[in-house]
Amino acid sequence: MANLDTVSRELMLDSLKEYAKRRLPFDFLRENDEKNRFPEEILREMYDINVMGIHLLLIPREYGGLGGSTFDIYRVCEALARIDLGVATSVFATFLGTDPLKVGGTEAQKKHWMSRIANEKLLVAYAATEADAGSDLVNLRTRAEHVIKNGKLVGYKINGNKQWISNGGVADILTVLALAPGGPSWFIVEKTADGFSANKHEDKHGIRLSNTAGLCFDDIIVPADHLIGEAEGQGLSQAQAVFGYTRLMVAAFGLGAGWEALETAIRYSQQRIQAGGPLSEKQGYTHKLIVPHAVRLTASRAFIEYVANRLDGGEHGLQTEGAIGKYYATESGNKAAEDAIQALGGYGYTRDFSPEKIKRDVKITCIYEGTNEIMEMTICRGRWQEHLKSRGRFYVDMAAEMDALHAATPDVGAEVAACGLRALAKVLEECRVQKLTRHQHVMFSLGSLIAEAETAAALCKAASEKNISPTHRFDRDTMRAMSRVHARETAFNVATRGLKLVSGSVTEGVGALAEGMELPKIEARQHGNTEDMDFIASKLNEYCKAK
Amino acid sequence: MRIVVCIKQVPDSTRVKVDPQTGTLVRAGVPSILNPYDHYALERALEIKKHHAGTELVVLSMGPPQAVSVVRLALALGADKGILLSDRAFAGSDTWATSYALSMALKKIGKVDLILCGQMAIDGDTAQTGPAVAQQLHMPQITFCDTVSVSGRKLTAKQYIDGGYQVVEAMLPVLCTMTMPHDYKPAFPAFLNIMAAQDKPFETWTAQDIGADTAYLGLEGSPTRVDRIFAPPPREKGQVFEGSAAELAERMLEILRQENVLKP
């Protein structure tokens, strides 16, 4: 059987949207949000293979699933986020919970557990985090001791506590990270196990439709074949192996939630008449609250798709890329939702309108699956290695690629994106020479600059494609205008913030660095930006009409 | 038994706006859907199939290559085979030319016992194509059906007429056009069925494949000439009167007399 094709993927998205329209209207979401209630019946229904079977996307074909690609799952995650990030998070927890099995399970384990998850509408949780072990799992305290019978290892006795576990209080099956004698390892625990209990459902700022709970493991005995992979000490590498992929899914959450809030604002702005005309026609409104977010979200999508296609093409890991996607898309989604509240004025500040809820919900995407500060560090560490390994050529080469793109397609802003990338190469090199990465602040800030510069390159490429990905929904001219605006903004940011970063951390002046930053060229290429933003604003009103 | 359901991909007209300057439809950002009347017809056909073992349900559509998505949707919902008529020669066909193409395809399909069509497509609202197909095939037709059932070679249809409905019986083969209840909610397929639809038989046929004479196809072969398209002027606002019940009754009488509804 072939993989899912685009038509099938779009039909699945249609089914999901139709289901949400009928079963998850705003009033229902609002009521559950207010009551801090996890709508278990909805999740079970979504996992009913006769109704929808959304979870099948992550289960390989041989175990009764659909074997969805990264691209398929990114699209579904985005669509889920547009509906409700709490429900999305609960589905995602099942995705995450099955990952250790997928990556490290033995054939028999996969067959047994995956088939059950496919067919029995089971909720799954991924239990790694503890009070003292978040992104840094070195302090993992949950233990799994050997249970020996007649000199033979027959099982493990698990003791410890977990925290912030999505689906923790409702999952039927949990994959639990615990320290076995041979090192951190994943175990499968069923909620019926003696000694297992979940704490109360947390009273959260947002994603209140998703169950989040602390877990207690008190002398729980699991059979030896519940150790994933049946070899101890593989836990951390099994967790690391999927970060590129799982973080891309959180990126899709930021993207979906951001667009949902932004589109609400765009539609509102067409109907809100002030001072003789709709807000949608006022630059002071659109160029601050709408257009910049549309551009950043479009850049986020371009980057997510670039990474998804690489993962689907067979590349592994891509942890730095996953981190860039997650960082940039969730920051963009969070800011878009924040400004959507502003765009709706007083209405935006009430619970009667969705941006208020979306804003509370989307904030979690900047926190879970590694906080965005951890992302900045991961990005910087990854690319720092590339910078060193290539002797400073990594971004110079990427800039050359942009220059070549500019020669072929001069209207996507690739020339100024190239300036940004060269400026980045210079900043990194200066940081190396001056040994500035000893400052954590410098490292993390570089992570942010890297994300900006690389999303600009991704958008330039996406906008210059002969067949622009239909997921963007915009025509060629709009995509190219967005690409130019993004390239200008990021190049300017990378150069000026990079300069500030280095200047602020060295004792002497950085005159040579400032001269090499091509600032006059970057400034000159800002020409036409307002006109491009005018064009994007008018196009957004066309693509997103008020009902 | 073989049932063919004729389906069409249409813009979701509930979300289409008319450009006030040019009078044309603004299609940007508007999704394409399976025409809801066709969707309903398909569901009725699936119901018949459920009660008649060995029934083959074929869906037939005409449109650009991207119309494959409505055919695939029909397959995911339970149709057995999909056929898409797609060829530049079909472009610009009016309802008569379209019905000619569909009837040629139906002849190629072979023995067909029942043809179901939606009453009309929500983009054009003509309600002509289904009846015209029956005409071209010299087949009896029952229009405006709400439900249909088959027993042996006999079809029973509940057909809406002015002021109520009538129950009509016909011998197969017959063509029915289906209307839909006002609160109809189209079924959507589960993910597994969408996947399975990828492997069901699907064919794209050109004008040549169905042996159609291109003189009867496309703009050339279409007798309809569109004079102009315009948005109808908005309806004027009604008058609102306020007052006590007695005053309002008096006011109403006065208006009815003015309009010559009542004798002065």
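# Worked exercises on chains A and B

The buried residues in α2(B) are S69(B), V70(B), V71(B), R72(B), L73(B), A74(B), L75(B), A76(B) and L77(B). They belong to a predicted model, which scores ipTM 0.92 and pTM 0.92.

## Exercise 1. A helix in chain B

Task: Determine how many residues of helix α2 of chain B are buried, and describe what follows the helix.

Solution.
- Step 1. Set the bounds: helix α2 of chain B covers residues 68–77.
- Step 2. Apply the cut-off: a residue is buried if 20 or more other C-beta atoms lie within 10 Å of its own C-beta atom.
- Step 3. Count: 9 of the 10 residues of α2(B) are buried, and the helix is mostly covered. R72(B) is one of the buried residues.
- Step 4. Look past the end: G78(B), just after α2(B), has a positive phi of about 135 degrees.

## Exercise 2. Paired strands in chain B

Task: Is strand β7 of chain B enclosed or open, and in which sense does β6 of chain B pair with it?

Solution.
- Step 1. Strand β7 of chain B runs over residues 81–85, and 4 of its 5 residues are buried, so the rest of the structure largely encloses this strand.
- Step 2. Strand β6 of chain B (residues 56–62) is joined to β7(B) by 5 bridges, and the two run parallel.
- Step 3. For one facing pair, take M62(B), which stands opposite L85(B) in β7(B).

## Exercise 3. A glutamine in a loop

Task: Place Q21(B) in the fold and decide whether Q21(B) is buried or exposed.

Solution.
- Step 1. Q21(B) lies in the loop that links β3 (17–18) and β4 (25–26) of chain B.
- Step 2. Count the surroundings: 6 other C-beta atoms fall within 10 Å of Q21(B).
- Step 3. The exposed class takes counts of 12 or fewer, so Q21(B) is exposed.
- Step 4. Compare sequence with space: Q21(B) and A231(B) are 210 residues apart in sequence, while their C-alpha atoms are 9.6 Å apart.

## Exercise 4. A strand in chain A

Task: Work out how strand β4 of chain A is covered and which strands pair with β4(A).

Solution.
- Step 1. Strand β4 of chain A spans residues 173–180; 8 of the 8 residues are buried, so the strand is largely enclosed by the rest of the structure.
- Step 2. Sort the side chains by direction. I173(A), T175(A), L177(A) and L179(A) point one way, L174(A), V176(A), A178(A) and A180(A) point the other way, and all are buried.
- Step 3. Take one partner: strand β1 of chain A (residues 124–127) pairs with β4(A) in the parallel sense over 4 bridges. Here V124(A) stands opposite I173(A).
- Step 4. Take another partner: strand β5 of chain A (residues 183–190) is antiparallel to β4(A), with 8 bridges between them. A180(A) stands opposite G183(A) in β5(A).
- Step 5. Name the motif: β4(A) and β5(A) make a hairpin, with 2 residues between the strands.

## Exercise 5. A cysteine in chain A

Task: Which class of exposure does C216(A) fall in, and which residues does C216(A) contact beyond its sequence neighbours?

Solution.
- Step 1. C216(A) sits in strand β7 of chain A, residues 212–223.
- Step 2. With 14 other C-beta atoms within 10 Å, C216(A) is partly exposed, as that class lies between 12 and 20.
- Step 3. Neighbours within four places in sequence aside, C216(A) is in contact with N161(A) and S197(A).
- Step 4. G160(A) is 56 residues from C216(A) along the chain, and their C-alpha atoms are separated by 6.1 Å.

## Exercise 6. The chains and their interface

Task: Describe chain A as a whole, then the side of chain A that touches chain B.

Solution.
- Step 1. Chain A has 20 helices and 9 strands. Its radius of gyration is 24 Å, close to the 24 Å of the globule rule for 547 residues, so chain A is as compact as a globular protein of that length.
- Step 2. Chain A is divided into domain 1 (6–122), domain 2 (126–234), domain 3 (240–366) and domain 4 (372–543). The centres of domain 2 and domain 3 of chain A are 34 Å apart.
- Step 3. At the interface, 28 residues of chain A are in contact with 18 residues of chain B. α1 (6–23) and α20 (529–543) of chain A each supply at least two residues of this side of chain A. α1(A) gives the most, with 10 residues.
- Step 4. By class, this side of chain A has 16 nonpolar, 4 polar and 8 charged residues.
- Step 5. For the partner, chain B has 6 helices and 13 strands, and its mean pLDDT is 93.

How values were computed
Residues numbered from 1 in each chain as written. Chains lettered and ligands numbered in written order. Predicted model: local features only at pLDDT ≥ 70, side-chain atom pairs only at ≥ 80, totals over all residues. Contact = placed C-beta atoms within 7 Å. Nonpolar A, V, L, I, M, F, W, Y, C, P; charged D, E, K, R; others polar. Rg over C-alpha atoms; globule rule 2.2 N^0.38 Å. Domains from an automatic or database assignment. pLDDT = per-residue confidence, 0-100. Pairing = 2+ DSSP bridges.
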